Amino acid sequence: MANSALEIVALMLTLIGMIGTAASTGMPMWRVTAFIGENIIVFETRYEGLWMNCFRQADIRMQCKVYDSLLALSPDLQAARGLMCSALALGGLGLLISLVGLQCTSCIQNDDKAKRLVLITAGVMIICACICVLIPVSWTGHVIIRDFYNPLLIDAQRRELGEALYIGWVAAAFLFAGGCFFVCCNLQSDSKESERYLYSRASDYMAYPPQPPQPLQPLQPQQLVLLPQPQPQPILSRHPSNNYSYNSRYPSVRSGVAYL
């Protein structure tokens, strides 16, 4: 019952992480214009994302333009595209595989070991998705911070960390927690089950060599022994007996003795 509740929690954490990963991938707020200087009046804000550039002026709506060439992007953005798409694929596949191995589902019946292996596989895939999210987000953040403190760049070329990077870090944390729950819960239950069949090697057990099978002996017929039945002895009496079993013309011995 406890493992079932933890599996539901892991599933919810993974789902939240996948939503955050998808939002971070599609948002253009990876790099934001840094406002440096004495002028506090801001008329234009520029956003740079994985797929497009966006401009926003004061209260006017945001205008975006998709990148014309992939090769014109910086290496960190090119790698971020591939890694974020890989994270979505791994996380989505791991989420679907985890649904098969949950205890509350009946896709795999009467095989707890197979369910644990399925959930462990799903947890490993979700942790790999977490790594694929964490690498581009952290790499882009490192490049932004490095360029911000570069004295060779002017103020217009400096950028700040956008909202998409923070969402990516939070999504990676949720994915990591969900994957660890899937893996750790099933590894713990597997070790508990194996401990039931462990025995101490230092105990006083003796090994006996196997005995060769002996042929079956045929059954011998039993000899019947007839015991002699005791015959009833005649009882002598001085009084005549009136009980006879049958009528006879000749007097019996018993009646003759009784007459004497």
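The legends below describe close-up views of a predicted model of one protein chain.

**View 1. Overall arrangement of the protein chain.**
The protein chain contains 5 helices and 5 strands. Followed along the sequence, these elements come in the pattern α-β-β-β-β-α-α-β-α-α. Of the 260 residues in the protein chain, 30% are buried. The structure also holds 5 salt bridges, and some of these appear in later views.

**View 2. The open sheet of 5 strands.**
The sheet is open, and its 5 strands are arranged in the order β4-β3-β2-β1-β5 with antiparallel pairing. Strands β4 (63-66) and β5 occupy the edges; each has a single partner strand, so one side of each is left without a neighbour in the sheet. From one strand to the next, the twist averages 25°.

**View 3. Pairing of strands β1 and β2.**
Strand β1 covers residues 31-33 and strand β2 covers residues 44-48. The two strands pair in the antiparallel sense over 2 bridges. Within this pairing, V32 has Y47 in β2 as its bridge partner.

**View 4. The hairpin of strands β2 and β3.**
Strand β3 spans residues 52-57 and pairs with β2 in the antiparallel sense, over 5 bridges. Together β2 and β3 form a hairpin, with 3 residues between them. Across this pairing, R46 stands opposite F55 in β3. R46 itself counts as partly exposed, because its relative accessibility is 27%.

**View 5. Pairing of strands β3 and β4.**
On the way to the β4 edge of the sheet, β3 and β4 pair in the antiparallel sense over 4 bridges. Two cysteines face each other here: C54 stands opposite C64 in β4.

**View 6. The salt bridge between E48 and R159.**
R159 belongs to strand β5, which comprises residues 159-161. The side chains of E48 and R159 form a salt bridge, with an N to O distance of 3.3 Å. E48 lies in strand β2 and R159 in strand β5, so this pair ties together parts that are 111 residues apart in sequence. The side chains of R159 and E48 also make a polar contact, at 3.3 Å. Both E48 and R159 are buried. For E48 the relative accessible area is 11%, and for R159 the value is 12%; each residue is classed as buried because the limit for that class is under 20% relative accessible area.

**View 7. R46, E48 and R159 as one network.**
The side chain of E48 also meets that of R46 in a salt bridge, at 3.6 Å from N to O. While E48 is buried at a relative accessible area of 11%, R46 is partly exposed at 27% relative accessibility. A separate salt bridge elsewhere in the chain is described in View 8. It links D147 with R146. Salt bridges that share partners join R46, E48 and R159 into one network.

**View 8. The salt bridge between D147 and R146.**
D147 and R146 form a salt bridge in which the closest N and O atoms are 3.6 Å apart. D147 is partly exposed, with a relative accessible area of 22%. R146 also counts as partly exposed, at 49% relative accessibility.

**View 9. A nonpolar surface patch that includes I8.**
I8, M12, L15 and I19 make a nonpolar patch of about 360 Å² on the surface. One of these residues, I8, lies in helix α1, which runs over residues 2-26. I8 counts as partly exposed because its relative accessibility is 36%.

**View 10. A22 and A171.**
Helix α1 also contains A22. With a relative accessibility of 40%, A22 is classed as partly exposed. Along the chain, A22 and A171 are 149 residues apart, and their C-alpha atoms are separated by 9.2 Å.

Conventions
Residues numbered from 1 in each chain as written. Predicted model: local features only at pLDDT ≥ 70, side-chain atom pairs only at ≥ 80, totals over all residues. Heavy atoms only, no water. Patch = residues over 30% accessible without salt bridge, like charges linked within 9 Å, V, L, I, M, F, W, Y side chains within 5 Å. Areas by Shrake-Rupley, 256 points an atom, 1.4 Å probe, with all protein chains shown as cover. Salt bridge = Lys/Arg side-chain N within 4 Å of Asp/Glu carboxyl O. Buried < 20%, exposed > 50% of the residue type's maximum accessible area, 1.4 Å probe, protein only. Pairing = 2+ DSSP bridges. Polar contact = N/O pair within 3.5 Å; in protein donor to acceptor, adjacent residues only side chain to side chain. Axes fitted to C-alpha atoms, helices over the stretch in contact; angles between N-to-C directions.
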